[in-house]
Structures are given as C-alpha cells and as structure tokens.
Amino acid sequence: MAMSTVAGTVTRIPRPSSRAATSATDLVFSQRGLQLRKERPLTDRRARRSAFRLTESPLTSEQRYTAPMVRLIHPPGQRREAIDPGKRALSSGALAALLALVFVTIQCAPSNPAPPHVLLITVDTLRADHLSCYGYRLPTSPVMDRLAEGGVLFEDCSVQWPKTWPSIASFLAGSYPRSTGVRAEQRTMAPSLRVLAEVFQGAGYATAGVVSNFNLSRQFGYDQGFSWFVESWAEGWSEVAGNEAFRNTPGKVKEFTNATLVTDQGLEWLDRHPSDQPFFLWLHYMDPHGPYVPPAQYSALFEGDHPTQEIPPRLIPPYQRQQSDDALITDLAHYKAQYDREIRYLDDELGRLFEGLRERGQWQNTLVVLTADHGESLDEHSYVLEHGGVPYQPTARIPLLFHWEGVLPTKRLAAPVGLVDASKTILELVGLPVPGRFEGLSLKSMIDGTPGAPTPPYVFAETGIYAPSQLSVREGPWKLVWVRSVRDRRFQQGSEFELYDLDQDPLELDNVARRHPEKVKELQRVLEEWMASGPAPPELESTDLDELDEASQEMLRALGYVK
C-alpha cells in the first residue's frame, strides 16, 4: 500500500494490479471513445513470469567489468603512462616517493570503488510543468520531488522531436534526428548507430530494458545493446490477439501494460541479474500517455482543481475521447484531472521502484536519470490533448533529473539544455568513453560546478505534421521556429518564422519576428548551418506500416499513431 501526501494530509492509496482495468472507473471501449461506468473492484492478475521475452547475453564471463579502480582513479582525459620493462629499476628515493603517491591515491579514492549501476527512467508524455518540483500547484509528484531535492534538476530541458520514436532514438544514440535518420516517417533505428546500451554492454555491464510503448519495440530496433529486453504488453496482448472476436479500440492497449507492471518487471529482472555485475536498466513508462485512464484508486484526486472549460468535440483526438452516460465528455477539466492522476499513479510506482532498490542494497551506488520523451499539449495553441505536431513548450519541455546519493550535488540549473546533451553526460558521470557520433554537450561540468563550465550555446529541435519538418532553435530566452511547410503554417499561425522571448512570453503567444528581423536572420543562419553539419544519417528504408502484422497495426492505432 503506497502512502502519498495530498493537500497536507496523508492518503493511503492501494497499489493497483499490474494487469486489471486501469481506469478511474470501469471502462467500456467503443469506437466513440471510453465509456465511463460505475466503479467496481479491481481484480488481481496471475503471475507474470512469462511476460519476459528474453534474448541470451552475448557476453562471456571474461568480458565483465574488471578494472573499476582504474576508471575511477584515472578519469577520462588523464592517461597513465605504460611501464617500459626495458627501463632500469627505480632508485630507493623514487620508490619511496612512488609508495607515498600510491598511499595518497588510495586515501583519496572513493570509499566504494565498485562501478555504479545506472537506472534510466523515461516517461511517456510527461510535461515538466505538471510536476510539483517544477512549480506545479498540485501535489502530483512527491516521489520525484524527493528525487530532485537530493540531486540535480535541469529546469529548462527540451527534446529534439516531441514524438516518442525520434526523441528516444536521438537520446539513446546521442545524436539529432537529422543524423539518426529516425523521424516522423521513419520509425526504425539503424543497427549501425552505437547507442547507450551498447556502450554499457561493451564495458561489461548487464543491460536490460523494459518498454511499454510499441514504437520502442524490438521490431523497430530499440533492443540494440540489451541482453534482456521486455516488451511490457507482450503477455497480455498475446492472450487476446489470437481471438478472432477481439477488436482493439482506442485506449484498450492500456489494459496490457501500466506503471505497476513495468515496475514489477524491472524489479523481477534485478532479482535475476548477477549481484557482482553492474547494471544498466532502462524502464520506459507509458503513463501518462493518452488516453488518460488512471487506476480507480486515484479517481478522487484533484477533483474540482481545474476550472470547467468546454472544448469543441472536433478538437479532441479520437483515441482520447471519454464518455459518461453515453455522452462525449467535452469539459477539459476532466481530461486535465485525469492527466494529473496518471502522473500521481506513475509517481507512486516510482516510489515502489526506488524502495525496491533500497531493499536490494543497490540504491546507494545507483545513478538514477529520470526524463521524458516529450510533453503534452492540453489545450495550448488550440492543440488539444496531443503532441508531435507543434514545436511549443508544453510538448517540448520535459523534466531532467540526475540523482546519485552521496556523489552528485544538490542543485537546480536554469540554463537551457537538450535531451541529446544528457546522453554524453550519463557516460561521463560513470567514466565510460563517449562514442564519436554523439553530439550535444556534456553537462557534467555544470553538475560538478566547475568554474566557467560551458552551457549549450543552442538547443535544436525538429517537429511538424508535414514535410519538410519544422526547425527550432533556442538561444537563451530566444526561440525561433522555422515553419518550412506551407501546410504546417496553415495549421499554426500562418507565418514562416515565429520568434518568441520566453522570458517575457513563456506561453508563446506573441510572435515578435517582425519586430526583430535581424534576430530572425541570425538564428535562421544558425539553423541552416546546423542542418548541414553533424554525422550523415544511416541509409534505411522508410517504415512501411502497411507491412506490419495486424496485431502491430492495431497496437499503433489504439495509441493514436496511425489512423
């Protein structure tokens, strides 16, 4: 039973079943949307051992991490000279000096020289400004708040494309979408890209991934570098996929995976992996991706905390629609509360995950990195309950937290950064080499508090519904959006260029491009140079969704990714 603080009181929220109806009330799925009915108790599910789809580790026992002391005592950039056996022996004075140096080195070495574990948590559709630690007025994230209080929080982190597959591919490969080749029309990640998991695997780490979004499945190459890879929905889906009478409809996919199941699968893997081997564990949580259907235990949270706001039915994406008494719910307050409830549910499951690490004695030496693939536009710019099509901050800005107890400082950093910068940072924090294709700027010196530590001069991103993609660049408070597609312009403001001063206009309502033409030209040149630079993308055929099996197409359809 999880304990959560709500509005100053302690509310005990029972932990939901990892395979049960996951909505705030019982759900009836129809083509018109989610039908809300009277609550009924959740049922327990049977054991989930068979949910693991595993591949055998290609590593031998000799390939495990064998020299942690060297890596910790000699950080990157400091090279030990090799000893030439042909040189004559040291003098007694030199030997005494060497022994003294060794003694000092041992004294200064970390008390726990074991290589750190790394827990990477990515959350689907989590906008930063709906977390309490980022200033949100409602207590949606007490667990994440405590994580931030004991670690490093980046206040202004943006994704490189506000859609799952290009964003996560960019993060894992440490490179921008224009170099990974993974974009809106291309879901598959090229095998030639060297990703984070492969770096950790090459250093002898046990690597495991649990994903709950079909767009991150092995079918699209996201199992690269993982010795163990779990598609969280697999067991539940397989139980019904062979039934001819089964028809997946919007939202039904979330019956097959939720935050409880992902946490269970992550903890089960921790119990399986060798205790003497460092691990790199990636968990991708689906909540709070739409449709927003939090467990019944959360149905009373945040009730009445959002003002009533009627929205035109045509603006509500089909997969997001929910009904009550056979009528479509058009009050945005309902959807906002549901979104916040899903965040709180996720937060409680993160608390259970972190407690599981403590119980296993692994919390103290684990670097935890928590972030998201993109945010969510709830109603901003008339873009309702959706993401991926526009470049604005509600979908672009995400949380970025680093926590390593007793090692990392406690601080908040305000400089704009990109998720692509976090890739290098993770590797440098644990002392592993950074692949040459990785772009971005390591944030390690900012975290360490190094005087004069560089900050990213620009933060780049792409987005859009139609080709060519929209390009955007951040420079301090300035944000330029280059809307290259005429069709995208019709959907937005009608302008080729949109320029915002986020310090003065955080909601991006006042396009000042005409008032600052020189700034527009300057940042347009920056965008042109950026697009022409960087590693060339690998050659891959575009993903033909029509060639996917029917079950895969239904999974994508239920998430709103295909029509």
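This tour proceeds through a predicted model, selection by selection.

**Helix 9**

Begin by selecting residues 332–359, which form helix 9. Its 28 residues reach 41 Å from the first C-alpha to the last, close to the 40 Å expected at 1.5 Å a residue. Colouring by accessibility will show that helix 9 is mostly covered, since 24 of its 28 residues are buried.

Move next to the start of the helix and display Asp331 and Ala333. A side-chain oxygen of Asp331 comes to within 3.0 Å of the backbone nitrogen of Ala333. At the other end, select Gly361, which follows helix 9 and has a positive phi, near 70°.

Within the helix, show the side chains of Glu349 and Arg352. These two residues are 3 apart in helix 9, about one turn of the helix. They form a salt bridge in which the closest N and O atoms are 2.7 Å apart. Is Glu349 buried or exposed? Glu349 counts as buried, because its relative accessibility is 2% and the cut-off for buried is under 20%.

**Helix 3 and its surroundings**

Keep helix 9 in view and add residues 142–149, which make up helix 3. Helix 3 is also mostly covered, with 6 of its 8 residues buried. To see them, select Pro142, Val143, Met144, Asp145, Leu147 and Ala148.

What do the buried residues of helix 3 pack against? They pack against helix 9 and three strands: strand 6, strand 13 (366–372) and strand 15 (400–403).

**Strand 8 and its neighbours**

Hide the helices and select residues 206–211, which form strand 8. This strand is mostly covered, and 6 of its 6 residues are buried. Side chains in a regular strand alternate between the two faces of the sheet. In strand 8, Ala206, Ala208 and Val210 point one way, while Thr207, Gly209 and Val211 point the other way. Residues pointing in either direction are buried.

Add strand 10, residues 279–285. Strands 8 and 10 run parallel and are joined by 6 bridges. Then add strand 9, residues 228–231, which is also parallel to strand 8 and is joined to it by 4 bridges.

Centre the view on Ala208. Opposite this residue in strand 10 stands Leu281, and opposite it in strand 9 stands Trp228.

**A three-stranded sheet**

The next selection is an open sheet of 3 strands in the order 14-7-17, with mixed pairing. Its edge strands are strand 14 (397–398) and strand 17 (417–418), each of which pairs on one side only.

Strand 7 pairs with strand 17 in the parallel sense over 2 bridges. To locate this pairing, label Ser158 and its bridge partner in strand 17, Gly418.

**Salt bridges across the chain**

Opposite charges on side chains can pair when the charged atoms come close. How many salt bridges does the structure hold? The structure holds 18 salt bridges, and two further pairs deserve a view of their own.

Select Arg474 and Asp156 for the first. Their closest N and O atoms are 2.7 Å apart, and the pair forms a salt bridge. This pair links distant parts of the chain, 318 residues apart: Arg474 lies in strand 19 (residues 470–475), and Asp156 lies in the loop between strand 6 (152–154) and strand 7 (157–158). Both partners are buried, because the relative accessibility of Arg474 is 5% and that of Asp156 is 14%, while the cut-off is under 20%.

For the second, display Glu475 and Lys519, whose side chains meet in a salt bridge at 2.7 Å, N to O. Here too, distant parts of the chain are linked: Glu475 is in strand 19 and Lys519 is in helix 14 (residues 517–532), 44 residues apart. Glu475 and Lys519 are both buried.

To complete this set, select Arg127, Asp129 and Glu380, which are joined into one network by salt bridges that share partners.

**Cysteines**

Finish with the cysteines Cys133 and Cys157. Both count as buried, because Cys133 has a relative accessible area of 8% and Cys157 one of 0%. How many disulfides should the viewer display? The count comes to 0 disulfides, under a rule that requires a pair of cysteine sulfur atoms within 2.5 Å.

Key. Residues are numbered from 1 along each chain as its sequence is written. This is a predicted model: local features need pLDDT of at least 70, side-chain atom pairs count only at pLDDT 80 or more; totals for chains, interfaces and linings use all residues. Side-chain values use heavy atoms; hydrogens and water are left out. Buried means under 20% relative accessible area, exposed over 50%, partly exposed in between (1.4 Å probe, protein chains only). The expected span of a helix is 1.5 Å times one less than its number of residues. A polar contact is a pair of N or O atoms within 3.5 Å; within protein, one must be able to donate a hydrogen and the other to accept it, and residues adjacent in sequence count only if both atoms are side-chain atoms. Two strands pair if DSSP finds at least two bridges between them. A salt bridge is a side-chain nitrogen of Lys or Arg within 4 Å of a carboxyl oxygen of Asp or Glu. Contact means heavy atoms within 4.5 Å.
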